[in-house]
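Thanks for coming. I will go through one structure today, with the backbone first, then a helix, then the charged pairs and a surface patch.

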Amino acid sequence: MKAGDARRKPTVIHRLLVMLLTLFLFGVLACTLISRAEYCAYKHGDNPAWIRQNVPLLLFTAGLSFAVSVRIYRLGAGMSRTGRKYVTGNILYLSLAVQVLYILLLPANQFADQSIVNRIAQDLINGNYRAFQKGGYLYQYPNNIGISLVLSWVYRLFPQSMLVPKFLNAISSTITTYLIMRIYEESNPGRRNRSYGILLFSGFFLPMILLNNLVYNDIFATTFFTAAIYWAIRFSKTGKWGHLLWSAVYISLGHFLRHLGPIFLIAVALFLVLKRANLPKILVFVGLTALLAWLPLQLINGWLLNEQKIKEPLGKNAIPIHMWIHMGMNEEKFGYWDDGKSYNIYQREGFQNRQRSIQIYSERIREKLKGERLLKTAEVYLTKNLWLWSEGTFQAEYYGIGSWGYLYPTFATGFFEKDTIVRDWVRWLMHAANFLMLILVLYGLVSTLREKKSYPLILPAIVLLGFIGFYTLWEIKPRYIYPTYPCLLLMSYYGLSRLVSRYLKNTGPSEDPVFEREEQLFAGDA
């Protein structure tokens, strides 16, 4: 992007994307005031639930959270007088210390898929490749090969303790925290040394701290995808090919762990189009990223076949994506895990044959898109979106506090095992905080629309729209949208800064005068 492009008015596509996200958030917030989306395993089992919303308490908690947020914002602004390395380093170290302490106090046991991939990782160290063979877990779910191999490498290098990958999660989350601050600075020119507030918010984000107990692919993948966003924004400012190459590498690394690469690839490509980047570079970026994402499975397949560990290539008879799309249409749980009903089609009717299973799934999907069933499917898609984005906890209480015991007892484990009231309040605080975050995101979006300005965090906004579109069709769980938390934090902090700048100018130390001048200078960024 040329330097002069920064003053151009936003394109029609840019404004349309902002408007779409604005309308979506209006719907989610309105729904939150009517009914509360809840995931609570000890109350509802492994099921999504709608319960009565306590509107007065929600507004009170969100209001209190807003007051705290303003104080944190002011605290971050006041830190601008101190050395950058000193402030950044101390916040990151303190954040990491809190995360590690939490892991040590509440070392939750692994269960379900996380337990399976950890067992496979240890089996691989012992030369056991049954998981790759017909009927094995990775034979059916090759999307989890990446995390299984990563954990296997971790257990080869470090002691085979479940605490090790949890500590690596904490390091990864700390890197994500730093990347969030850098993205905010790059998206808002001139903010260097004046964005410590976002560092405080992201470094002590409660779901992030809790979910470090999840030994699975979510934490590492989130870091890689966040890095991809950062380097794409850097490229839009510098035009240096190396920056775009790094974005491609990080998307492919994130995809290796969790197959969400297409969302970020499409988002970055669209972002570069909006930034009027060189078209050949965009095409090369798309092709290179697709190649890098495709290559690992081919190399793994080649090695396993050459060593005669498997008799047929991985993926040949894996569960087709149609299963998750079919599951995402189920009416009983509006797109949540359907207790194995969709999986049993692959097992009992498709006989673990991919092509046969695709035919069965496709036929049943078509049936749900005909006549009156189409309206019911549309209702499912609407309901699942409202539930997913208003629930607000990322299932952090379920996975992070521990639901299936602990690695060892501490005073904290005994407290949480016996007291569900505290768990209820933890979930409530995250739910209310999510409500506030969405309000702040909405305020930032509406402000730019009203002023006919460019939205500076358009790439995170596109990523968010990508997740909304993807999980409209896919099976849902609150944990699945965890990689969006950096985008939500960035966009809500921008909304907070705009709100403070407009209404709370005289409440203490502020970034606002500088912010206002920057807004005028860079208002036309496309």
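Please start at helix 5, residues 112-125, where Ala112 is found. Before the details, keep in mind that this is a predicted model. Ala112 has a phi near 55°, which is positive although the residue is not a glycine. Most residues other than glycine have a negative phi. With a relative accessible area of 53%, Ala112 is exposed.

A second case is Asp339, another residue other than glycine with a positive phi, here near 60°. Asp339 sits in the loop between helix 15 (322-327) and helix 16 (341-349).

Now helix 18. It covers residues 371-391, 21 residues in total. From the first C-alpha to the last, helix 18 reaches 31 Å, close to the 30 Å expected at 1.5 Å a residue. Which residues of helix 18 are buried? They are Thr377, Val380, Tyr381, Thr383, Lys384, Asn385, Leu386, Trp387, Leu388, Trp389, Ser390 and Glu391. What do these buried residues pack against? Their partners are helix 1 (12-34), strand 1 (35-38), strand 2 (49-52), helix 21 (420-450) and helix 22 (458-473). After helix 18 comes Gly392, with a positive phi near 85°.

On to charges. Side chains of opposite charge can pair when their charged atoms come close. How many salt bridges does the structure hold? The count is 18. I will take three of them.

One is between the side chains of Arg479 and Asp218, at 2.9 Å from N to O. This pair links distant parts of the chain, 261 residues apart: Arg479 is in the loop between helix 22 and helix 23 (485-503), and Asp218 is in helix 11 (residues 218-238). Is Arg479 buried or exposed? Arg479 is buried, because its relative accessible area is 5%, under the 20% cut-off. Asp218 is buried too, with 1%.

Another is Arg427 with Glu397, where the closest N and O atoms are 3.5 Å apart. Arg427 lies in helix 21 and Glu397 in helix 19 (residues 396-401), so this salt bridge ties together parts 30 residues apart in sequence. Arg427 counts as buried at 1% relative accessibility, and Glu397 counts as buried at 3%. Both residues also belong to a network of salt bridges, in which Arg36, Glu38, Lys43, Glu397, Arg423, Asp424 and Arg427 are linked.

The last of the three joins Arg498 and Glu451, with 2.6 Å between the closest N and O atoms. Since Arg498 lies in helix 23 and Glu451 in the loop between helix 21 and helix 22, the pair ties together parts that are 47 residues apart in sequence. Are the two partners buried or partly exposed? Arg498 counts as buried at 9% relative accessibility, whereas Glu451, at 28%, counts as partly exposed.

Finally, the surface. Leu291, Trp294, Leu295 and Leu299 make a nonpolar patch of about 400 Å². One of these residues, Leu295, is placed in helix 14 (residues 279-306). Why can Leu295 be part of a surface patch? Its relative accessible area is 33%, so Leu295 is partly exposed, and patch residues need over 30%.

That is the end of my list.

Conventions. Residues numbered from 1 in each chain as written. Predicted model: local features only at pLDDT ≥ 70, side-chain atom pairs only at ≥ 80, totals over all residues. Heavy atoms only, no water. Patch = residues over 30% accessible without salt bridge, like charges linked within 9 Å, V, L, I, M, F, W, Y side chains within 5 Å. Areas by Shrake-Rupley, 256 points an atom, 1.4 Å probe, with all protein chains shown as cover. Salt bridge = Lys/Arg side-chain N within 4 Å of Asp/Glu carboxyl O. Helix = DSSP H or I, 4+ residues; strand = E, 2+ residues; numbered from the N terminus. Buried < 20%, exposed > 50% of the residue type's maximum accessible area, 1.4 Å probe, protein only. Expected span 1.5 Å × (residues − 1). Contact = heavy atoms within 4.5 Å.
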